[in-house]
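Please look through the sequence and the structure shown here before reading on. The briefing below then goes from the whole chain to its interior, its surface and its side-chain pairs.

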Amino acid sequence: MATTLLLRRLSSAVASRPPRRYLGAAATAHFQHLLVEKKGAGQSVAVIQLNRPKVLNALCDGLMKELGEALDALEQDPGVGAIVLTGSEKAFAAGADIKEMQHRTFQECYGGNFLAHWNRLASVRKPVIAAVNGYALGGGCELAMMCDIIYAGEKAQFGQPEILLGTIPGAGGTQRLTRAVGKSLAMEMVLTGERISAQEAKLAGLVSKVCPVEKLLDEAIGCGEKIARHSKLVVAMAKEAVNAAFELTLAEGNRLEKRLFHATFATEDRKEGMNAFLEKRDAKFKDQ
């Protein structure tokens, strides 16, 4: 039923496009550049796979628009409690599609607010886990950093090599990377274009877990399953509070946290959670 609802939401957006690859019975939509499926217990975790293997999942405008469509639909799907974003074993995403950008002018970029729609991933209210294997470079690294949690395969590489192309990161690379790893390492990566390994990214705080390549996706889905068991309403509040730490002063952040904490006391799920704890049973959240 949830799959049917999602297809209806996307039907108007895809009706005028060329035929797309069919994704199978478990899939949630037809896309040209994405594979979207539901996984995990009760199919509570949506997995979005970037699917441009011939160009190492280079991020073209069509892919990013499709990603926005998929995220919009998954946000409205009550059965989905978490989202995993991944690529292939060789590349999460090797960067933006340079052929698409090569002949753009300043007027086109500034007038059209080029790359603005890429931020859709950062505004998703449901938790998003990046499962990064292989290259996460340039726009690929920026895309991973828009996610809430990053799991990396042992052979993953992260970098912002835009300086080698005579430009700079344009989708948050200088900002999110600095907040994640600190000024010195971020400056080194941005100014030299050099990459760091998954292990270095873990030590620097860019990723939370490094996994064997073949186990990465299962680990990310497992994390999503744990999140999806909780109240979706309260999870969204918790995500908002953590994200605010990057935007607000400590005093302002603490005030926001307190207000959101107080707000949980207006929910049925808070009552259920505390009652279940005291009664020594599993909570049955209703997202209310």
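What follows is a set of notes on this structure, grouped by topic.

The model is predicted, and every value quoted for it is computed from its atoms. The chain has 288 residues, of which 43% are buried, and it is built with 12 helices and 10 strands.

**The chain as a whole**

- Among the contacts in the chain with a separation of 6 or more, 64% are between residues that stand 24 or more positions apart.
- The accessible surface of the chain comes to about 15,500 Å², and carbon and sulfur atoms account for 55% of that area.

**The nonpolar interior**

- The largest nonpolar core has 49 residues, and the members that touch the most other members are Ile 48, Leu 85, Leu 143, Phe 158 and Leu 206.
- Helix H2, which covers residues 61-75, gives this core its largest share, namely six residues.
- If neighbours within four places in sequence are left aside, the residues in contact with Ile 48 include Leu 34, Leu 35 and Val 36, then Leu 67, Ala 70, Leu 71 and Leu 74, and also Ile 83, Val 84, Leu 85 and Thr 86.
- A second core, separate from the largest one, has 14 residues, among them Ile 129, Tyr 151, Cys 211 and Ala 220.
- Helix H5, residues 139-146, is mostly covered, since eight of its eight residues are buried.
- The buried residues of H5 include Leu 143, which was named above among the residues of the largest core that touch the most other members, and they also include the charged-type residue Glu 142.

**Nonpolar residues at the surface**

- Ile 98, Ile 163, Leu 164 and Leu 165 together make a nonpolar surface patch of about 390 Å².
- Within this patch, Ile 98 belongs to helix H3, residues 98-101, and with a relative accessible area of 41% Ile 98 is partly exposed.

**Aromatic pairs**

- The structure holds two aromatic pairs, and such a pair of rings is described by the distance of the centres and the angle of the planes.
- In the pair formed by Phe 106 and Tyr 110, the rings are 5.5 Å apart from centre to centre with 20 degrees between the planes, and the pair is stacked.
- Phe 106 and Tyr 110 are separated by about one helical turn, because they are four residues apart in helix H4, residues 106-111, and both of these residues are exposed.
- The rings of Phe 261 and Phe 265 have centres 5.3 Å apart and planes at 80 degrees, so this pair is edge-to-face.
- Phe 261 is partly exposed at 46% relative accessibility, and Phe 265 is also partly exposed, with a relative accessible area of 37%.

**Salt bridges**

- The structure holds 11 salt bridges, and one of them joins Asp 61 and Lys 65, whose closest N and O atoms are 3.1 Å apart.
- Asp 61 and Lys 65 both lie in helix H2, where a spacing of four residues is about one turn of the helix; Asp 61 is partly exposed with a relative accessible area of 21%, and Lys 65 is partly exposed with 44%.
- Another salt bridge brings together the side chains of Lys 209 and Glu 219, at 2.9 Å from N to O.
- Lys 209 lies in strand E10 (residues 209-211) and Glu 219 in helix H9 (residues 216-228), so this pair ties together parts that are 10 residues apart in sequence.
- The side chains of Glu 279 and Arg 281 also meet in a salt bridge, at 2.6 Å from N to O, and Arg 281 is partly exposed, with a relative accessible area of 33%.
- Asp 72, Glu 75 and Arg 120 are joined into one network by salt bridges that share partners.

**Asparagines to look at**

- Asn 57 is not a glycine, yet it has a positive phi of about 60 degrees; Asn 57 lies in the loop between strand E2 (45-50) and H2, and at 1% relative accessibility it counts as buried.
- Asn 113 also has a positive phi, near 50 degrees, and is found in the loop between H4 and strand E5 (128-132).
- Asn 254 has its place in helix H11, residues 250-264, and is partly exposed, with a relative accessible area of 38%.
- From C-alpha to C-alpha, Asn 254 and Ala 241 are 8.8 Å apart in space, while in sequence they are 13 residues apart.

Definitions and conventions: Residues are numbered from 1 along each chain as its sequence is written. This is a predicted model: local features need pLDDT of at least 70, side-chain atom pairs count only at pLDDT 80 or more; totals for chains, interfaces and linings use all residues. Side-chain values use heavy atoms; hydrogens and water are left out. A nonpolar core is a set of buried Ala, Val, Leu, Ile, Met, Phe, Trp, Tyr and Cys residues joined through side-chain atoms within 4.5 Å. Buried means under 20% relative accessible area, exposed over 50%, partly exposed in between (1.4 Å probe, protein chains only). Helices (H or I, at least four residues) and strands (E, at least two) are DSSP runs, numbered from the N terminus. Contact means heavy atoms within 4.5 Å. Patches are made of residues with over 30% relative accessible area and no salt bridge: like charges are joined within 9 Å, nonpolar side chains (Val, Leu, Ile, Met, Phe, Trp, Tyr) within 5 Å. Accessible areas come from the Shrake-Rupley method with a 1.4 Å probe; for residues, only the protein chains shown count as cover. A salt bridge is a side-chain nitrogen of Lys or Arg within 4 Å of a carboxyl oxygen of Asp or Glu. Rings of Phe, Tyr and Trp (its six-membered ring) pair if their centres lie within 6.5 Å; planes under 30 degrees apart count as stacked, over 60 as edge-to-face and the rest as tilted.
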